[in-house]
Amino acid sequence: MTSPARENLVVTQAGLDDWPVISGWAAAEGWNPGLSDGPAFFAQDPEGFFLGRVDGEPVSAISVVNYGAEYAFLGCYLVRPDLRGRGHGLTTWKTALAHAGHRTVGLDGVVSQQDNYRRSGFELDHRTVRFTGAAPRTEPPADVHAVRPADLADLTVYDGACCPADRPRFLARWLTGPGHRAVLRRSGGRVTGYGVIRPGRDALRVGPLFADTAEDARALFAALTADAAGHEVAVDVPETNAAGVALAEQAGFRPSFETARMYTGPVRPFARERVFGITTLELG
């Protein structure tokens with residue numbers, strides 16, 4: 001898929017080799033991308049990433065990652081600061097959005113862009129607040145365990161119940177990415193929650209943090225941060241989950257970034273009450 005535009009802008013699909021450019025721009029805007037996110041992102045939809053170039057130089061980026069036949073997620077919408085206001089972003093947006101077809105599209109939008117997203121057909125679902133702080137010193141609970149390959153099938157089912165779409169290809173890479181540490185909790189053999197912590201540009205990032213109850217979430221959070229005491233940690237919490245907000249505040253974390261989850265249409269029902277921390281602002 002390509003699209004020529006003004007000033008010789010050409011939009012084409014991006015490859016994993018282009019990820020350092022995209023993630024570098026994202027870091028400059030305060031998104032704090034994970035250091036090894038790229039392979040998991042591209043595993044879900046290798047055709048869902050786009051770059052706009054002028055005379056061969058990257059100037060804009062976006063991702064529209066398809067999850068099955070009904071849902072897609074838009075992220076990494078970026079334009080080089082010195083080339084904004086020239087229409088490059090809009091052309092890149094229109095080209096990439098066609099990749100979603102008739103799917104409902106979700107995104108996590110910064111405050112300054114939310115009116116623009118509404119004009120493009122996105123409606124607010126909820127605010128998401130990034131809480132950041134130094135990880136408290138804790139003891140890992142005895143009933144929280146590191147994720148093993150044998151857990152993947154159960155976790156894929158649990159994850160699907162917490163999201164608007166199933167994402168097995170993404171999840172398999174996310175749980176085992178370089179520097180990623182995944183833990184889960186069971187009760188009576190049944191998964192009651194899981195979480196992942198990974199290194200980011202500016203802070204360690206927790207995500208997802210999915211749990212049946214606030215007690216499960218606290219235990220998972222303690223296990224994830226036990227080896228990170230004193231290090232900066234960030235978790236993106238849906239404001240609608242009051243117990244998730246309380247967990248972050250009780251850890252001494254403070255709001256540092258805000259986005260809004262927006263959709264172009266309906267999404268399938270999922271266990272919103274289990275979402276104490278979203279997986280990633282870039283892919284939902």
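**Exercise 1. Which residues of helix α1 (residues 19-28) are buried?**

Before you start: this is a predicted model, where local features need pLDDT of at least 70, side-chain atom pairs count only at pLDDT 80 or more, and totals for chains, interfaces and linings use all residues. Residues are numbered from 1 along each chain as its sequence is written, and side-chain values use heavy atoms, with hydrogens and water left out.

*Solution.*

- Step 1. Get the terms straight. Buried means under 20% relative accessible area, exposed over 50%, and partly exposed in between (1.4 Å probe, protein chains only). Helices (H or I, at least four residues) and strands (E, at least two) are DSSP runs, numbered from the N terminus.
- Step 2. Go along α1 and you pick up Trp19, Ile22, Ser23, Trp25, Ala26 and Ala27 as buried.
- Step 3. See what they pack on: the buried residues of α1 sit against α2 (38-44), β3 (49-54), β4 (57-67) and β5. Contact here means heavy atoms within 4.5 Å.
- Step 4. Look just past the helix, where Gly30 follows with a positive phi near 90 degrees.

**Exercise 2. Take Ala26 of helix α1 and list what Ala26 touches.**

*Solution.*

- Step 1. Ala26 has a relative accessible area of 6%, so it counts as buried.
- Step 2. Skip residues up to four places away in sequence, and Ala26 touches Trp31, Asn32, Pro33 and Leu78.
- Step 3. Now try a C-alpha distance: Ala26 and Val79 are 53 residues apart in sequence and 9.7 Å apart in space.

**Exercise 3. Find the residues that line the largest pocket, and say where they come from.**

*Solution.*

- Step 1. Define the pocket. On a 1 Å grid over the protein atoms alone, a cavity is a set of points where a 1.4 Å probe fits but cannot get out, while a pocket is an open set with protein on both sides within 12 Å along at least five of seven lines; lining residues have an atom within 4 Å of a point.
- Step 2. The volume comes to about 670 Å³, counted as the space filled by probe spheres set on the grid points, which are joined across faces, edges and corners.
- Step 3. There are 30 lining residues, and Tyr77, Leu78, Val79, Gln113 and Tyr117 are the closest to the centre.
- Step 4. At least two lining residues each come from β5 (71-79), α3 (88-97), β6 (104-110) and α4 (114-119). The largest share, 6 residues, is from β5.
- Step 5. Sort the lining by class: 14 nonpolar, 10 polar and 6 charged. Here Ala, Val, Leu, Ile, Met, Phe, Trp, Tyr, Cys and Pro count as nonpolar, Asp, Glu, Lys and Arg as charged, and the others, Gly among them, as polar.

**Exercise 4. Do the second largest pocket in the same way.**

*Solution.*

- Step 1. Its volume is about 270 Å³.
- Step 2. Of 21 lining residues, Cys162, Cys163, Pro164, Arg261 and Phe270 are the closest to the centre.
- Step 3. β5 and β7 (123-134) are the elements that give two or more residues to this lining.
- Step 4. By class you get 13 nonpolar, 4 polar and 4 charged residues.

**Exercise 5. Is Gln114 buried or exposed, and which residues does Gln114 contact?**

*Solution.*

- Step 1. Gln114 belongs to helix α4.
- Step 2. Its relative accessibility is 11%, so Gln114 counts as buried.
- Step 3. Leave aside neighbours within four places in sequence, and the contacts are Gly109, Thr259, Ala260 and Met262.
- Step 4. Check the C-alpha atoms of Gln114 and Arg261: they are separated by 9.7 Å, though the residues are 147 apart along the chain.

**Exercise 6. Track down some backbone oddities, starting with the phi of Asp55.**

*Solution.*

- Step 1. Keep the background in mind: most residues other than glycine have a negative phi, and most peptide bonds are trans.
- Step 2. Asp55 has a positive phi, near 50 degrees. Asp55 lies in the loop between β3 and β4 and is exposed, at 67% relative accessibility.
- Step 3. Cys76 also has a positive phi, near 55 degrees. Cys76 is in strand β5 and is buried, at 10% relative accessibility.
- Step 4. For the peptide bonds, go to Gly207 and Pro208, which are joined by a cis bond with omega about 0 degrees. Pro208 is in strand β11 (residues 204-211).
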